[in-house]
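Please look over the sequence and the model below. The text that follows takes the ligand site, then the helix packing, then the backbone.

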Amino acid sequence: MKRPYVVVTRRIPQVGLDMLNEEALVRVWPEETPIPRKVMLSWAQGADGLLTLLTEPVDEALLEAIGPQLRVISNFAVGYDNVDVAACTRRGIPVGNTPGVLTETTADLAFALLMAAARRLLEADRFVRAGKWRTWMPLGFLGVDIHGSSVGIIGMGRIGYALARRCAGFDCRILYYNHHTHPQAEAIGAQYVDLDTLLTESDFVSIHAPLTLETERLIDEKALRKMKRTAVLINTARGKIVDSEALYRALRDGVIAYAALDVTDPEPLPVDHPLLMLDNIIVAPHIGSASVATRDRMALMAVRNLLAGLRGERLPACVNPEVYG
Ligand code: DGY
């Protein structure tokens with residue numbers, strides 16, 4: 001029987017590729033940078049399935065170029081804002097993602113960023129490496145306490161809740177803003193509030209919402225001005241939820257104290273971007289889910305979604321189940 005042809009737009013953990021190679025004819029983009037659009041349009045022609053990363057727009061033009069034989073799109077991420085899901089649904093193509101398996105790892109990173117910003121860890125490290133450490137300093141690198149602070153969580157989904165659990169262990173007061181209340185979060189003491197209350201009362205504001213029309217630039221100049229002057233903003237969700245120019249001005253002018261970002265707009269952030277000229281910011285290159293075990297689990301989940309789609313079975317994790325009628 002003819003093997004289905006699939007395109008994988010970057011090298012993913014081998015455990016996933018091995019599983020895929022057993023059933024499909026696989027073409028993997030071998031470079032470390034995203035597959036150029038032109039190459040993608042040409043490689044994907046005639047594909048039965050596509051395994052994409054969050055760096056690849058999956059839109060009408062691409063779907064059109066691939067052709068009507070396409071059976072499945074599997075995104076190697078929990079977020080799928082790079083995929084025009086409505087266009088896939090119109091064509092009856094299921095779209096898979098990787099929820100659950102990266103929850104704890106991403107919450108670990110959000111909490112690590114929160115701690116590193118609170119205690120100015122990266123500034124302190126740069127100071128030592130620059131040979132500036134002369135003595136113990138009663139007034140050096142004073143940060144803010146995490147224990148007993150108020151943490152505002154925007155988006156109480158899986159990752160937001162996993163962060164809330166970590167904060168509860170540090171005796172924090174937890175506020176959250178979400179579409180609906182979250183009984184498990186309430187059970188550990190989290191309090192449902194409106195966005196204004198969250199912004200005004202939190203010492204740390206951490207974003208865990210998907211990027212949608214509603215959340216794009218949710219944290220703009222107005223929102224930043226509502227935050228405490230001592231507040232820290234943490235973003236491990238999507239860069240476009242924060243207005244980067246407004247954030248730059250807020251950090252420069254002391255409107256808020258600190259930011260710790262794992263995601264940026266633009267992404268990647270150019271090395272000469274104004275944000276990187278500031279000391280009161282930490283920027284990581286979108287590594288929220290980057291642990292060996294979690295990336296293996298994501299690869300297996302993405303491949304299981306892809307194989308299910310190729311076999312005409314229901315995807316284990318499908319973002320548009322309406323395609324099944
Ligand atoms: C996702 O899964 O959406 C992350 O941003 C990458 O792991």
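In this predicted model, a backbone N or O atom of Gly79 lies 2.9 Å from an oxygen atom of the ligand. Two side chains also reach ligand oxygen: a polar side-chain atom of Arg238 lies 2.7 Å from an oxygen atom of the ligand, and a polar side-chain atom of His286 is likewise placed 2.7 Å from an oxygen atom of the ligand. On its own the ligand has 230 Å² of accessible area, and the protein covers 89% of it.

Which residues are around the ligand? Leu54, Ala77, Val78, Gly79 and Leu102 are there, together with Arg238, His286, Ser289 and Met298. By class, this shell divides into five nonpolar residues, three polar and one charged. Arg238, whose polar side-chain atom was placed 2.7 Å from a ligand oxygen above, belongs to the charged class because Asp, Glu, Lys and Arg count as charged. Gly79 counts as polar under the same scheme, and its contact with the ligand is made through a backbone N or O atom.

The helix packing comes next. Helix 1 covers residues 14-21 and helix 12 covers residues 292-310. Their axes come within 7 Å and cross at roughly 20°. Angles under 35 degrees count as roughly parallel, so helix 1 and helix 12 are roughly parallel to each other. In handedness, the crossing of helix 1 past helix 12 is right-handed.

A second pair is formed by helix 5 (residues 103-118) and helix 7 (residues 158-168), whose axes are 8 Å apart and which pack at an angle of about 55°. Are helix 5 and helix 7 parallel or oblique to each other? Given that angle, they are oblique. Helix 5 and helix 7 also make a right-handed crossing.

The last topic is the backbone. Most residues other than glycine have a negative phi, and most peptide bonds are trans. Against that background, three places can be picked out in the chain. Arg120 is not a glycine, yet has a positive phi of about 55°; this residue lies in the loop between helix 5 and helix 6 (121-129).

The other two places are peptide bonds. The bond from Asp265 to Pro266 is cis, with omega near 5°, and Pro266 is found in the loop between strand 11 (258-261) and strand 12 (281-283). Glu267 and Pro268 are also joined by a cis peptide bond, with omega about 0°. Pro268 sits in the loop between strand 11 and strand 12.

Conventions. Residues numbered from 1 in each chain as written. Predicted model: local features only at pLDDT ≥ 70, side-chain atom pairs only at ≥ 80, totals over all residues. Heavy atoms only, no water. Near = heavy atom within 4 Å. Polar contact = N/O pair within 3.5 Å; in protein donor to acceptor, adjacent residues only side chain to side chain. Areas by Shrake-Rupley, 256 points an atom, 1.4 Å probe, with all protein chains shown as cover. Axes fitted to C-alpha atoms, helices over the stretch in contact; angles between N-to-C directions. Helix = DSSP H or I, 4+ residues; strand = E, 2+ residues; numbered from the N terminus. Parallel < 35°, antiparallel > 145°, perpendicular 65-115°, else oblique. Left-handed = near helix turned anticlockwise from the far one by under 90°.
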